[in-house]
Structures are given as C-alpha cells and as structure tokens.
Amino acid sequence: MFAFFRPATHRAPLPTDRIDSTYRRLRWQIFAGIFFGYAGYYLLRKNFSLAMPYLIDEGYTRGELGVAISAIAIAYGFSKFLMGLVSDRSNPRYFLPFGLLLSAAVMFVFGFAHWATSSVAIMFVLLFINGWAQGMGWPPSGRTMVHWWSQKERGSVVSTWNVAHNVGGGLIGPLFLLGLGWTNDWHAAFYVPAAVAVLVAVFAFAAMRDTPQSVGLPPVEEYKNDYPEGYDASHEQEISTRQIFVDYVLRNKLLWYIALANVFVYLLRYGVLDWAPTYLKEAKHFTVDTTSWAYFFYEWAGIPGTLLCGWMSDKIFRGNRGLTGIVFMALVTVATLVYWLNPPGHPTIDMAALFAIGFLIYGPVMLVGLQALELAPKKAAGTAAGFTGLFGYLGGSVAASAAMGVIVDHFGWDGGFMLLVASCVLAIVFLLPTLKHTRVAGHSREAVA
C-alpha cells in the first residue's frame, strides 16, 4: 500500500571534492523544504477554531463544537504514531507533500460545500480525516533532520525548524481576514489557507530529498565526524517495525515520562489556542478582527520563545531538557493566571498575557520532540516522536477541545482555566523524573531500557 513512499535507493558515492559543497547546498535546500512544508500543515490545523464563533451564532453549543474539533486531536494522535512507523520506512520527499495535499482537500470541502457544517457528525468525520492527514507532517520532518544534521547541531536545528508551527499557525488569522475582506464569507477561513498550502506542497516536493546516501553523500556522522555513543554501520540500515516499536519505544522509560508530560503541555497549548477566539469574544468582548490578530500574536510569539528555549537548553542548562521545560512551564503558569484573572476592559493586558503564553509554551513543545529524537536511533526517530505525539494529542489536545468545551458550558470560563492551570502543574510533575537526563542517549538497547 505504501510502496509509493519507500525510501530512495543509495546512489554511487560522489567524488570527495564535491561532498562538502553538495552537503552545504542540500542542507539549506532541504531545511527550507521541511520548514515551509511543515508550516503549510499549520495553515490547515486550526482553521475550525476561527469558524467556531460563527457556528455558535448558527446555533451550535460550545460543547458540540468541542466534540467536533476533538476529532482532529484523536486522529492526529493515532496518525502521528502510526504514520511515524510508516515514515521511518518511507521517503519523506513524497510522504510530507502528500499529507499536506490531502489536508488541503478537506479544507476545500469545508470552504465550498455548505453541507460540511450541517451537523456535528459530518464535521467530526471531516475533521478526523484532516487530523489523520496532519499526522503525516512531523514524522518525515524528524526523519529528515536526524539524517542530515548530527547530534551536536541538532538542538539548534530542531528549535529553529520548530518555529514552523508558529509561522504557519500565525498566518491563519491574517489569511482569514484577507479572505473575509475579499469575499465577506467566513468560509474563507478554510479555502484561502488551503490554496496557499497547495503551493507550499509543490515547493516542499521540489526542495526535499531522502537520506544523504540517496544522493551519493556519506552519512552525516561521517561528514561531521560526530558519532553518537555506540554508533556503527548498522545504524545506517533500515530496522524492522518490531525493533522500532518494542526495543526503542515501549522499553524506553524516559520516553514514557516525556510522553505523559506532553499530555499536559498540549492541554495548555491547545486549551488556550483552540478557545482564544471564543473566550476573547465572550469573556473579554473582543471584536472578530482583534481576536484574529490575537491568534496571530500567540503563534508568532512562539518563534523567539522557541529559539530562546533551544539556546538556553544547550548553553545555560547544558543539555538538561527536563529542567529547561520545568522553568518554562512555571513561567507559563503565571501568564495563564494573568490571562484568566485580568478583568474585561484591559485588552492590552490580555494581549500581553496571550503573547507571553505563546512565547513560553512552544519551548516545552519543542523540547519533548527533541528529547524523543535524542532517545532513539535515527531509523526510529519518527516513531519515537509519534509516540509522544500520541499522548499529547489523544490526552492533551482532546481534553483541550472536548473537555474544555463541556466544562465551560457547565462551570463557565473559571472552570476551564482551573483545568488549564492544573495541567501546567502536572506537566512539571512528569518532567521531574527526566532531570538526570543531561546527555544524548546512545543507540544501544541498554541506553533506552
């Protein structure tokens, strides 16, 4: 079924005098491919949140819409994990653009077929398909990074790539306003970003490549003379699905801890993000254009925040990802309290608090993904990242969508924010056991047992 995506075959080695220049050129090109390709996924991830105030005006309850939007998280959690297994044995050049095109197709349906929002069941099914397609973005990106950048470079590379979340997610609001101005149709929240995503998919396919060996280059460990502990030639060979899943995921205790922490990191991340347009309109009396820009600022605040977190993790905390995550989660707790307790009529404080949450939360999101890459061999990177994503989305994002909507319907926004603050505390609790992990794990079975 997935033969179309199978990894590219190895080519004959390039002449020695061409290796450095080819590596340099392709690494810039490939990074652009996975960066903008993954940003394209986020153009199509949270469009439904911008449409929810209009759907509430049409008669849907917050609880009903919370159930509908939870389909994305449910599908994405399973897909990121299962597609991670497929991605580890696939060519990311085909894998990533295909998922992006599939996601764009669903958004076009939402935008142009009015029956798409005629019932909660239909919305749930369409959002489930979109969530499954969305799971095809992270794993091929992770596979690409561990093949093209060595361990000493990876902290900076992953943190820089991770801001693609914010670039794509932040552009949804302005694109929606642009489409709304052109068409006076709130369905533009779906079809305008989808049109841009199609162009991004074409670019990603043109820019991306599979492994260095597929273009005649040596493994990156050889090129950078940066070999992880226990590295040998076997690490360049594809490994079985059973080895990936059992040996390098299920037996990895630290991976379980960061996966559980990820539940609560994602609950906070999406509990704020999914409900920001509705919360700001209902509780703080923001207008539609102001809520769209608030959405933009939340996402784009994560760009400097993620870069700062990556730098602090490497330079100040000396590779202690757990301690870095705890510091950022403690600060995001304070920002969440301000966002909640600030009374209506002080929009500058609301915007500053939302900016601060966005600035701080994407660092821990990035660190979980980085730790997953560091705790597994590169041939299992997609699966390890998918495992933490499975917990984050099935636990955290589903609760942020469905549970948050139901809690707000029954207990008001105060009840919803109590859930968000509790999630901050629990994320810190599950990061505590990882404090002793301050170095990249080797690829031996003992390193992950």
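**Helix packing and empty space**

Student: Which residues of helix 7 meet helix 15, and what makes that a contact?
Tutor: Arg154, Gly155, Val158, Ser159 and Asn162 in helix 7 meet Tyr362, Met366, Leu370 and Leu373 in helix 15. Contact means heavy atoms within 4.5 Å. The model is predicted, so local features need pLDDT of at least 70 and side-chain atom pairs pLDDT 80 or more, while totals for chains, interfaces and linings use all residues. Residue numbers start from 1 along each chain as its sequence is written, and side-chain values use heavy atoms, without hydrogens and water.

Student: Why is helix 7 called oblique to helix 15?
Tutor: Their axes cross at roughly 135 degrees and come within 10 Å. Roughly parallel takes angles under 35 degrees, roughly antiparallel over 145, roughly perpendicular 65 to 115, and oblique the rest. The pair falls in the rest, so helix 7 is oblique to helix 15. The crossing is right-handed (near helix turned clockwise from the far one by less than a right angle).

Student: How are the residues of that contact classed?
Tutor: The contact of helix 7 with helix 15 has 5 nonpolar, 3 polar and 1 charged. Nonpolar means Ala, Val, Leu, Ile, Met, Phe, Trp, Tyr, Cys and Pro; charged means Asp, Glu, Lys and Arg; the others, Gly among them, are polar.

Student: How do you know whether helix 12 and helix 15 are roughly parallel or roughly antiparallel?
Tutor: Take the angle between their axes, roughly 150 degrees. Axes are lines fitted to C-alpha atoms over the stretch in contact, and angles run from 0 to 180 degrees between N-to-C directions. That value is over 145, so helix 12 (residues 253-282) and helix 15 (residues 347-374) are roughly antiparallel. Their crossing is left-handed, the anticlockwise case.

Student: What makes up this contact?
Tutor: Helix 12 contributes residues including Leu255, Asn262, Tyr266, Arg269 and Leu280. Among those from helix 15 are Leu354, Tyr362, Pro364, Val368 and Gln371. The classes come to 16 nonpolar, 2 polar and 1 charged.

Student: Why are helix 7 and helix 8 called roughly parallel?
Tutor: Their axes cross at roughly 5 degrees, within 4 Å. That is under 35, so roughly parallel applies. Thr160, Trp161 and Asn162 of helix 7 touch Ala164, His165 and Asn166 of helix 8. By class there are 2 nonpolar, 4 polar and no charged.

Student: What makes an empty space a cavity and not a pocket?
Tutor: On a 1 Å grid over the protein atoms alone, a 1.4 Å probe fits in a cavity but cannot get out; a pocket is open, with protein on both sides within 12 Å along at least five of seven lines. This structure holds 3 cavities of 30 Å³ or more. The largest cavity has about 60 Å³ (space filled by probe spheres on the points).

Student: What lines the largest cavity?
Tutor: Lining residues have an atom within 4 Å of a point. Lys80, Trp138, Asn162, Asn262, Tyr266, Val365, Val368, Gly369, Ala385 and Thr388 qualify. Helix 15 gives the most, 3 residues.

Student: Which helix has the largest share of the largest pocket's lining?
Tutor: Helix 1 (16-42) does, with 5 residues. The pocket holds about 240 Å³. Its lining is Asp20, Arg24, Arg27, Trp28, Phe31, Trp149, Glu153, Tyr223 and Lys224. That divides into 4 nonpolar, no polar and 5 charged.

Key:
Helices (H or I, at least four residues) and strands (E, at least two) are DSSP runs, numbered from the N terminus.
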